[in-house]
Each structure stands twice: as structure tokens, then as C-alpha cells.
Amino acid sequence: MTYVVTVEIRIPEGAPELDGLHRVGASALLEQGFASVAGIEGADGMEMDLFDVAVAVHPGGAILKVMVAAPSLEFAEEAVGSVSEEVLERSELLAEWTVESSEVQLHTDAARESLEAADGPGAPPSDPQARRAHHTAKPDTADETDGEAQDHEAAFRALAPRLRSFTPAVFGVAEEASAPPEEESAEAEGGIPGITPEKAELAAGSLVYGAEVLIDELYDDVQALAEEDTTVSECQGHLWHLDQLPSRHAAQYNELFARRFLVTAIALTTRFTDGSFRRLGCLAEELVLKLLLEQAHVTLDLHGLLDDEVAAALGRFAGEVYEDMDFAWLQDEGGEGAGGEGVATLGFGTWFTPFDDARYVHPYALDEMPETGVPDTAEN
């Protein structure tokens, strides 16, 4: 069975945080280290195939997403953790880094539902398309107690502090010094309802939770394309998100594109949560954010928590992070010129190109010119 193992790696205690240059270097060392791993052998001669590794380095260490085929979840976690330690030991510059955890992260609500309903009348459908409809259908909250609803809300709000790059003001919460009088606080600029800190926390927590779901499901999309060796336009299997990207380029969304898009999602959400985010780096990051916002809305709606104030908070967040909405022209089905001048600069070959020299794009996804005489393996 294929598992996605999340590995948390930390820099030595007391060491200074990594700056941008050191993060790029560490990412390269980790990617090279795993590239040299042909396979993994564990206890009793059990073997495991390593399919892919995505690396996201932050100031305090790195997060790895390792896709492997293993006989059991426990074996996958233990073996990937051991290999990660070996990769660090082999590199003189990373030898003192430590592996904090190696685990397959499950979405607890979905996992609990599946386990409780296994082989029973309430078992989720085996067909991927039907299962997706099952999990994304809005539940009947009529029988949900107030306590259960409050538990869901508290769980999401508890995740909010992890979104370190953004203050409550980004979600529309007024600064205390400039807060409107109580009788006027029902409306903010443009008629948007006043946003309380509690609702902003709910919106922020949904983005943190949504990022985990989005990344896991993008991994599934990569695997679906890899197994069929095809593109999104011809894929017969189930896709979570890649089929939601602009359909005009669906024939170019192959496995390589999917890997680059996944790494972009990991890099962007890492910057959101480690405090280093400044601006979106490329058009692909704009599309990742669109998917993340949609995931946050769906997640909140599923639990009956998407009211007007929370929706407004997510809208304010989007308005602060997006610099423009030119990428929306890509959804127009009218042809290459449908968006006029706006879409003219959004050619498929520029999706992973930094908007300017000051923007960050993960090295794995970065557009590069092919060497002379070497076939171009990147999409352009």
C-alpha cells in the first residue's frame, strides 16, 4: 500500500534560524540525499519502494513528505524515519540536525468515521468518486449537539496561532486603537460585517487545517497521474484538485507538472505557518491559494461554521494576500485571447516563474532554461 509519511526535522538546539540562502542549500542537500536512496529494507527483509520526496525548509528545520509503498503503516513510519536519519548523518552540514517525528498523518474525523463504519451499513463507498461525494456532502447537523459544534469550533480556533505570518488585522479585525464605537461595529468598510477576533481565529484555523487536507489530496493526484502515466485531460482515475485548474491546459498537467504544483503548495503553506511569508511568488502560488481558500470554505461549511462573518474574514484575507486577480482570466473558456491583455502574460510556461527577482519560488518547481542539447523535461 502507498503511504505519505510526514517527517519533521529540526536544526540543532541553540543554532541560529536559517536565512533564505541557507534554506535553499539545506533543501538541495536533503533532495540529493534522498535521490541516492534506491530502496529501503527493514526488519525480516521487508522491502519498501520510495516513489517521491518533497522538501520544504523553514527557519527552524524542514518538513518532508515521503511517498512510499510499504507492507504496513508502522513499517512505513519507522523505515522512513530511519532513512531520514541516515540522510542527515551522511551530510556533514546536516549531521547535527534531528528527526523529531516520522508519521502518516490521518484526518482524524474521516479516519474515525471509516473505522467505526468498516464493513457495516454506514461504510463509506469504495468507489473514489462516490466516496468524494460522501465526504464533501454537507452533513445533517440537526442531531449535532451544541457541545459537539463548540468542540469543532474550538479545534479550528486552536490551530489559528500556527498561521504565524498573519495578524488578526489581515482578517479584518480592527486594531484596538482604531476600533469603531460599539454601536457602529456591526459594519466595516464597504458594508462588510464587523469581524470579531473569534471569527478571525476560526478563519485562520480553517486555513491551517485546509492546508493539510490540500497537500494530502494533491499527493493522491500525483499518484493517480503517475500510475496511468497520463495527463489530467486523459486521466481515468479519481482526482481531487488538479482537474479544478484551468481546463484549457489540462492536456499539459502531467506527473511532472503535478509534482511541481505539489511542491509549490508545500512551500507556500510552509511560509504561511513559519512566519516568513511576504508576497506570493508566482502564478502557480496564486492558484494554490485559490484551492486552499476553497478547501477552507468547504471544511467550515461541513461543520456548520461558515457564517457571514467568517466568510467575510476569509474574503478580507484573500484581498490582502492577492495583489491582483489576473489569474482568474485563466478560467475563461473562450480561448487564449478571452482575457484580453490580462491573460496575455499568463502563458502556461510562466506559471512557476517568479513575478520579480525578490519573489521566492521553490527550486524544485522553478522554471529553468534547458541546457543546450538536453531535452527539456519541464513544461513550457
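A polar contact is a pair of N or O atoms within 3.5 Å; within protein, one must be able to donate a hydrogen and the other to accept it, and residues adjacent in sequence count only if both atoms are side-chain atoms. Helices (H or I, at least four residues) and strands (E, at least two) are DSSP runs numbered from the N terminus.

The model is predicted: local features need pLDDT of at least 70, side-chain atom pairs count only at pLDDT 80 or more, and totals for chains, interfaces and linings use all residues. Residues are numbered from 1 along each chain as its sequence is written, and side-chain values use heavy atoms, with hydrogens and water left out.

**Exercise 1. Determine which residue caps the N-terminal end of α9, and describe the helix that follows.**

Step 1. The cap is D307, which has a side-chain oxygen 3.2 Å from the backbone nitrogen of E309.

Step 2. The 14 residues of α9 reach 20 Å from first C-alpha to last, close to the 20 Å expected at 1.5 Å a residue. The expected span is 1.5 Å times one less than the number of residues.

Step 3. Buried means under 20% relative accessible area, exposed over 50%, and partly exposed in between (1.4 Å probe, protein chains only). Among the buried residues of α9 are E309, V310, L314 and F317.

Step 4. Contact means heavy atoms within 4.5 Å. The cover over the buried residues of α9 includes α6, α7 and α8.

**Exercise 2. State how many residues the largest nonpolar core has, and place F317 in it.**

Step 1. A nonpolar core is a set of buried Ala, Val, Leu, Ile, Met, Phe, Trp, Tyr and Cys residues joined through side-chain atoms within 4.5 Å.

Step 2. The largest such core has 70 residues, and F171, F261 and F317 have the most contacts inside it. At least two residues each come from β3 (47–58), α5 (146–159), α6 (197–228), α7 (255–274), α8 (283–302) and α9 (308–321). The largest share, 14 residues, is supplied by α6.

Step 3. Leaving aside residues up to four places away in sequence, F317 touches F166, V170, F171, L207, F272, L289 and L293.

Step 4. A second, separate core of 29 residues includes V5, V37, V55 and V87.

**Exercise 3. Explain why the buried residues of α1 line one face of the helix.**

Step 1. Helix α1 covers residues 20–35; its 16 residues should span 22 Å, and its end C-alpha atoms are 23 Å apart, which agrees.

Step 2. Its buried residues are A26, S27, L30, G33 and F34. Seen down the axis, they fall within an arc of 130 degrees, so they line one face. The arc is that of the directions from the helix axis to the C-beta atoms.

Step 3. An α-helix has 3.6 residues a turn, so residues three or four places apart point the same way.

Step 4. On the other side of α1, L21, Q32 and A35 are exposed.

**Exercise 4. Decide whether D221 and D229 are buried or exposed.**

Step 1. D221 lies in helix α6. With a relative accessible area of 0%, D221 is buried. D221 touches H238, L239, W240, H241 and L242, not counting residues up to four places away in sequence.

Step 2. D229 lies in the loop between α6 and α7. Its relative accessible area is 69%, and D229 is exposed.

Step 3. Phi of D229 is positive, near 50 degrees, in a residue other than glycine. Most residues other than glycine have a negative phi.
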